[in-house]
Amino acid sequence: MFRPDAHGIAHSQLTAFGQWCEARTGQQLSDHAAMDRFSVEDFHSFWRLFLEWSDVPRDGAAEPVCVGDACETARFFPDLRLNYAECLLAGSPGQPVLTACHADGSRDRFTRGALRVAVDRLAKSLQRLGVRRGDHVVAIARNNAEAVIACLATAAIGGTFASCAPEMGVPAILARFAPLEAVVLFGCLRAERWDAGIPVAERVLETAAGLPSLAAIIALDDGSLDVGEGTAPLHRLADLLGDDDGGEIGPSWPRHPFNHLLFTMFSSGTTGPPKCIQHGAGGTLLEHLKEHRLHCDLSHGDRLFFQTSCGWMMWNWQLSALASGVEIVLYDGPLAAADTFWRIVAEERVTVFGTNPAYLHFCEEKGFSPGRVLDLSALRTMLSTGSILYPRQYDWVSSKVKSSMPLQSISGGTDIIGCFVLGNPNLPVHRGEAQCRSLGLDVRSLPPPDDPQAEIGELVCANPFPSRPLGFHGDADGTRFHAAYFAQNPGYWTHGDLIEATPHGGWRLHGRSDGVLNVRGIRIGTAEIYRILDDVGGIVEAMAVEQQAEDEPGGTRMVLLLVLREGVVLDSALAKHIRSELARCGSPAFVPARIAQVDALPVTFNGKRSEIAARDAVNGRPVRNRDALQNAECLEAIANHPVLRAPPTASVSREPTPVCGVLPDVEQLRKDLQAICQRVLDLAPIGWSDNLLDLGADSLAIVSLLLEIESYAGHPVPLSAFLRAPSIEGLIAVLSGAEAMTAQQLGRSGLHVRALGPEDVEPVCRFLEESFRGAGIDATRWRRLFDHGWSDHTRGFMLFDGNALVGFIGAVAARRQVNEEAVLVCNLSSWVVRAQYRGWGMALLASMLDDANRHIHVLHSTAVVLGRPHRTAFQTAGLAAHRHTAIATGRDLVRLDPADDQLRSGRGPRETDQPPKANLRRSRGV
């Protein structure tokens with residue numbers, strides 16, 4: 001699907017490093033095959049040369065490079081010292097390094113200098129709280145700048161950092177954090193409108209109660225926490241960042257041994273409680289530098305945005321990109337629509353975008369074409385990981401996102417905090433394949449002993465590599481570490497994936513070889529599921545397995561096989577209770593797509609349950625270990641179970657659309673919404689008051705559901721309204737309220753909306769001057785929004801009460817080249833109503849959006865560069881191609897200051913004919 005040109009190859013960092021190695025070794029490394037052989041056969045020289053070439057800030061000697069030749073016990077650079085935070089934050093203080101995007105459209109932006117100051121202040125505060133080198137610090141954090149500061153401050157003073165996402169259940173959090181005996185817990189406390197289940201502050205409080213070693217809780221935001229007697233004292237990050245001891249200017253952090261513990265990551269919990277995987281600072285940094293610079297060709301000027309959370313290793317992976325001079329872009333918020341992440345890519349001029357096959361599948365399913373409606377000209381590379389990337393998805397990216405752009409499939413894991421196979425700027429991209437193995441890692445496909453000619457085998461690594469974990473926490477003699485990775489194939493790291501080498505020199509992944517589930521890119525350990533189900537009455541045995549389902553996002557789904565007590569039947573009440581408990585105590589990812597009651601589960605002759613046999617059965621494959629089973633006869637019933645073979649509920653006929661947007665009576669509306677929910681969520685039956693989130697509705701399913709309901713009813717359902725009452729009854733209330741509000745708006749005597757005409761400009765400017773009086777902008781300056789001279793497409797709508805002007809929404813538009821197509825791009829410039837008419841602001845916005853749908857290809861809000869906790873009043877509006885609109889409202893109003901000479905996000909019809917600039921400011925209480 002892609003072949004790099006000669007210029008790109010000549011100027012890649014991989015080529016530059018190859019020439020560096022040639023000059024110092026005398027070897028000819030003219031192609032990638034030669035470079036790959038050198039990196040594996042002489043890995044000592046490879047890693048030493050890469051350390052020198054990357055110029056990492058460090059002390060000590062680079063020799064010996066590696067002590068020992070066994071992958072299980074080797075140690076790299078024992079005489080080297082460095083500081084992970086120093087390496088990430090070294091460089092020009094004025095360089096932009098971090099943009100944190102929020103769901104309401106606001107942004108937090110940091111330069112390298114500003115981020116360094118914040119990290120240093122928090123590091124000193126942590127030391128005053130008693131945190132010392134080697135102490136464990138944990139975080140329940142959202143994907144924002146505060147989490148980055150907390151992590152880097154911990155690393156700066158030699159602490160060890162571990163994090164999880166706030167949607168994880170408390171039992172699952174404690175299974176990870178409790179063994180560490182952490183001294184500090186960072187936590188996000190403020191409730192967000194997309195949160196589901198137990199409030200995040202309660203999760204933080206319950207977690208703190210289960211961590212008796214805590215000396216402090218640090219709130220990452222301004223949310224409240226009811227700290228009682230016996231709970232560690234609460235501190236505010238904002239207060240700690242404000243503390244300045246008046247010491248020396250600039251940080252001075254100690255350098256620690258290369259293998260000093262940096263991150264604690266967690267296994268998926270397949271064979272028991274999640275294992276605490278210990279990763280060293282030097283190995284993590286060096287592996288990430290190699291992957292970023294050589295394989296992704298990341299450098300100064302790049303903006304990297306990876307779709308991740310603080311509970312996934314890709315968060316740590318993206319963070320390390322700061323060491324390559326990259327600006328990283330974060331997003332804290334829900335998946336609100338198919339365009340959610342693409343809009344960030346466009347608005348932030350992202351050059352490298354990382355995502356997962358499930359999101360690509362979702363966008364494809366919704367018929368969304370990012371390259372047609374958004375300006376993706378800055379985007380040069382896409383990365384995908386988390387699950388198998390199917391060949392057709394390469395075609396979708398090439399046709400719907402951007403042609404002549406590499407889509408790199410990368411795969412590795414939390415276990416090595418990096419990749420085994422990934423991309424390469426110098427090689428072509430073949431559909432369905434990762435381009436190459438990671439340099440310096442002797443990755444192989446090891447066939448089964450009874451079929452040495454098999455093309456698909458176990459993914460193993462045959463040589464030492466720096467990012468191999470240091471071990472497991474609490475596993476002093478290494479017994480559990482050996483059993484996890486080296487017992488199956490002595491001398492080789494065994495990863496648990498099935499892999500195939502291709503004739504192109506690439507690699508094709510074939511899923512897991514062990515009991516770990518990979519559903520929509522999320523790896524799930526079955527032991528955690530079984531622990532939760534132990535408390536559900538009536539269940540004798542349970543087995544969760546992964547079933548291939550190409551129609552599902554990510555291509556797989558989880559099915560739960562249950563053996564129940566005699567006389568117990570799997571009815572809808574029990575199924576709902578199981579789903580609710582898994583979501584509450586684990587996470588929505590733990591909720592199965594299908595639940596089937598069976599008489600028996602496969603067991604080997606030594607009494608062990610065989611998930612591999614069950615997985616083969618549900619996928620219609622020959623069972624590989626059939627002869628090792630004492631009850632192989634149960635497999636036929638599992639393979640042919642009607643629940644596992646039934647087509648999706650989505651195959652049933654769709655509900656009738658109300659005539660002219662008029663909703664039916666409540667009883668019919670209830671039945672129609674029930675049918676929609678059952679079809680979209682692929683669950684039946686769903687009761688009127690059932691909590692849809694407890695039934696396992698994840699973000700992709702929620703967005704699909706809301707779009708389906710909008711298409712059915714003609715009324716959008718705001719995500720925040722749905723989350724307040726996520727049930728069929730709640731949806732009825734929202735839709736009925738929306739219909740009543742619309743009727744009220746249209747029928748109120750004297751109140752009406754009218755389009756802006758030339759004769760209205762002067763009264764509108766006076767109205768804006770009065771509305772934003774505190775800003776000191778007079779009517780003459782407001783006229784610049786109308787008399788800018790670079791576009792004749794000024795638009796606006798006015799709200800009148802009788803003859804009195806009480807509200808206005810305005811926009812400017814111009815022809816612009818977007819992906820080689822001339823389209824009319826519209827930017828909202830102002831939106832204001834009198835306080836007593838605040839509820840009518842949406843009528844103005846609806847008029848503008850309706851106008852956009854009829855006349856305009858792309859409608860934007862103006863870009864906003866503002867810090868938290870203040871938020872913008874509206875986010876991005878609508879995709880005319882799909883006639884859907886996403887709007888987020890708040891208490892503040894965004895306004896433009898026309899005193900400057902260039903719109904931030906608007907552009908005139910020619911590059912040389914620029915529009916006037918406008919600073920974005922805020923007016924409270926208007």
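Helix α19 covers residues 572–585 of this predicted model. Its length can be checked by simple arithmetic: at 1.5 Å a residue, its 14 residues should span 20 Å, and the C-alpha atoms at its two ends are indeed 20 Å apart, so expectation and model agree. Several residues of α19 are buried, including Leu574, Ala575, Ile578, Leu582, Ala583 and Cys585. Arg579 and Glu581 in α19 are buried as well, and so is Ser580.

The same arithmetic can be applied to helix α11, residues 281–295. This helix has 15 residues, which should span 21 Å at 1.5 Å a residue; its end C-alpha atoms are 20 Å apart, and this agrees with the expected value. Burial in α11 is complete: 15 of its 15 residues are buried, so the helix is largely enclosed by the rest of the structure. After α11 comes aspartate 297, whose phi is positive, near 55 degrees.

Helix α13, residues 340–347, can be read in a similar way. Seven of its eight residues are buried, so α13 too is largely enclosed by the rest of the structure. The buried residues in α13 are Thr340, Phe341, Trp342, Arg343, Ile344, Val345 and Ala346. Just after this helix stands arginine 349, with a positive phi of about 55 degrees. Arginine 349 has this positive phi although it is not a glycine. Its place is in the loop between α13 and strand β17, residues 352–355. How far is arginine 349 exposed? Its relative accessibility is 34%, so it counts as partly exposed.

Serine 404 also has a positive phi near 55 degrees, again in a residue other than glycine. This serine lies in the loop between α16 (391–401) and β19 (407–409). Because its relative accessibility is 63%, serine 404 counts as exposed.

The next topic is how helices pack. Two packed helices are described by the angle between their axes and the distance between the axes. Take helix α2 (residues 13–25) and helix α3 (residues 32–41): their axes come within 11 Å and cross at roughly 60 degrees. The two helices are therefore oblique to each other. In passing α3, α2 makes a left-handed crossing. Which residues of α2 and α3 meet? On the α2 side they are Leu14, Phe17, Gly18, Cys21 and Thr25, and on the α3 side His32, Met35 and Phe38. Sorted by kind, the residues of this contact are five nonpolar, three polar and no charged.

A second pair is helix α8 (residues 170–177) with helix α9 (residues 200–209). Their axes are 10 Å apart, and the helices pack at an angle of about 40 degrees. Therefore α8 and α9 are also oblique to each other. Here the crossing of α8 past α9 is right-handed. From α8, Val170, Ile173, Leu174 and Phe177 take part in the contact, while α9 supplies Arg203, Glu206 and Thr207. The residues of the contact of α8 with α9 comprise four nonpolar, one polar and two charged.

Some peptide bonds in the chain also deserve a look. The bond that joins glutamate 63 to proline 64 is cis, with omega about 0 degrees. Proline 64 sits in the loop between β1 (59–60) and β2 (66–67). Another cis peptide bond runs from alanine 684 to proline 685, where omega is near -5 degrees. Proline 685 belongs to the loop between α23 (666–681) and α24 (699–713).

Aspartate 497 shows how sequence and space can be compared. This residue lies in strand β26, residues 493–501. Is aspartate 497 buried or exposed? At 3% relative accessibility, it counts as buried, because the cut-off for buried is under 20%. Aspartate 497 and glycine 412 are 85 residues apart in sequence, while their C-alpha atoms are 9.2 Å apart in space.

The chain as a whole can now be described. Its secondary structure comes to 29 helices and 40 strands. Of its 926 residues, 59% are buried. Among the contacts in the chain with a separation of 6 or more, 68% are between residues 24 or more positions apart.

Note on methods: Residues numbered from 1 in each chain as written. Predicted model: local features only at pLDDT ≥ 70, side-chain atom pairs only at ≥ 80, totals over all residues. Heavy atoms only, no water. Axes fitted to C-alpha atoms, helices over the stretch in contact; angles between N-to-C directions. Helix = DSSP H or I, 4+ residues; strand = E, 2+ residues; numbered from the N terminus. Parallel < 35°, antiparallel > 145°, perpendicular 65-115°, else oblique. Left-handed = near helix turned anticlockwise from the far one by under 90°. Contact = heavy atoms within 4.5 Å. Nonpolar A, V, L, I, M, F, W, Y, C, P; charged D, E, K, R; others polar. Expected span 1.5 Å × (residues − 1). Buried < 20%, exposed > 50% of the residue type's maximum accessible area, 1.4 Å probe, protein only.
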